[in-house]
2 protein chains.
Amino acid sequence: MTQETNAAATLLAAARFDANGLIAAVAQQHDTHEVLMLAWMNRDALAETLATGRAVYFSRSRGKLWRKGEESGQVQRVIDLRLDCDGDAVLLLVDQTGVACHTGRRSCFYTAIRDGQVVNLTEPLADPKALYARPHA
Amino acid sequence: MTQETNAAATLLAAARFDANGLIAAVAQQHDTHEVLMLAWMNRDALAETLATGRAVYFSRSRGKLWRKGEESGQVQRVIDLRLDCDGDAVLLLVDQTGVACHTGRRSCFYTAIRDGQVVNLTEPLADPKALYARPHA
């Protein structure tokens with residue numbers, strides 16, 4: 001076992017998964033610092049993310065590993081991975097290819113209040129039908 | 001009911017709380033874009049955050065509303081609040097007074113791998129004992 005995998009094992013041991021075996025993971029674009037999405041990882045997803053440098057989540061609806069971009073091509077290269085103070089959340093600094101959101105928007109966080117109305121702050125940059133054969137989440 | 005509270009009610013209705021009645025909330029410093037912390041909100045916490053413009057979470061360990069900074073003074077003024085595409089995560093753009101983390105660090109996300117070792121990227125800026133009579137989480 002290399003130093004690298006020792007460190008990954010140490011980080012994995014410090015991660016606190018919930019009763020469903022999951023930990024919340026926030027992806028942030030490393031250079032613009034835009035928060036792109038929040039998803040979930042199980043232990044296998046976190047281990048594979050650490051080993052491969054590609055963001056891997058756990059799809060709660062599909063009940064299996066979700067290698068981000070495997071279907072859409074919108075992959076996330078992981079620049080840095082940080083665990084929070086009590087070990088129950090992960091921050092990924094990523095380089096996002098294309099768009100993070102399954103709606104075709106760069107970020108999933110586009111719903112907000114403006115002038116007393118709930119609005120979409122951004123419009124899709126890509127056609128979701130072209131990205132996915134079916135919804136991802 | 002004003003337009004403002006109509007919008008808050010619409011946003012609340014769009015939020016999808018989990019089986020425990022909670023939604024994940026990410027706090028990001030609005031100007032530096034640093035991701036400060038991830039915590040949880042129940043419906044009351046989200047409603048009070050929208051109504052008051054101060055970040056209110058739900059403390060899972062204490063089983064009650066956690067008005068961020070009520071004990072430590074390290075409050076978060078909410079500049080913007082965004083719901084994600086499937087309604088199960090919230091992004092708060094905040095102005096953080098002092099430090100977000102109960103360890104006295106600006107951000108909770110300070111544990112990472114460097115040169116094959118798990119390290120703390122930052123040191124406390126404040127003495128946790130001076131911030132809290134007891135741990136917050």
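These are my notebook entries on the cysteines, the symmetry and one serine of a predicted model.

**Entry on cysteines.** I first searched the whole structure for disulfides, and the search finds zero over all chains. I then looked up Cys101(A), whose nearest cysteine sulfur belongs to Cys85(B) and is 3.7 Å away. For Cys108(A) the nearest cysteine sulfur is again that of Cys85(B), also at 3.7 Å. I count a disulfide only where two cysteine sulfur atoms are within 2.5 Å, and neither Cys101(A) nor Cys108(A) is in one. I also noted the accessibility of these residues: Cys101(A) is buried, with a relative accessible area of 0%, and Cys108(A) is buried with 5%.

**Entry on symmetry.** Next I asked how chain A superposes on chain B, and found that a rotation of 180° does it, with 0.0 Å of shift along the axis and an RMSD of 0.0 Å. The two copies are therefore related as by a two-fold rotation axis. In chain A, the C-alpha nearest this axis is that of His33(A), which lies 2.9 Å from it. I also noted that the same surface serves both copies, since 100% of the contact residues of chain A recur in chain B.

**Entry on Ser107(B).** I located Ser107(B) in the loop of chain B between β6 (89-96) and β7 (111-114), and with a relative accessibility of 7% it counts as buried. Its side chain reaches the backbone oxygen of Val35(B) at 2.8 Å and the backbone nitrogen of Phe109(B) at 3.0 Å. Leaving aside residues up to four places away in sequence, I found that Ser107(B) touches Glu34(B), Val35(B), Leu36(B) and Cys101(B).

Terms used. Residues numbered from 1 in each chain as written. Chains lettered and ligands numbered in written order. Predicted model: local features only at pLDDT ≥ 70, side-chain atom pairs only at ≥ 80, totals over all residues. Heavy atoms only, no water. Buried < 20%, exposed > 50% of the residue type's maximum accessible area, 1.4 Å probe, protein only. Least-squares fit on C-alpha atoms with pLDDT ≥ 70 in both. Contact = heavy atoms within 4.5 Å. Helix = DSSP H or I, 4+ residues; strand = E, 2+ residues; numbered from the N terminus. Polar contact = N/O pair within 3.5 Å; in protein donor to acceptor, adjacent residues only side chain to side chain.
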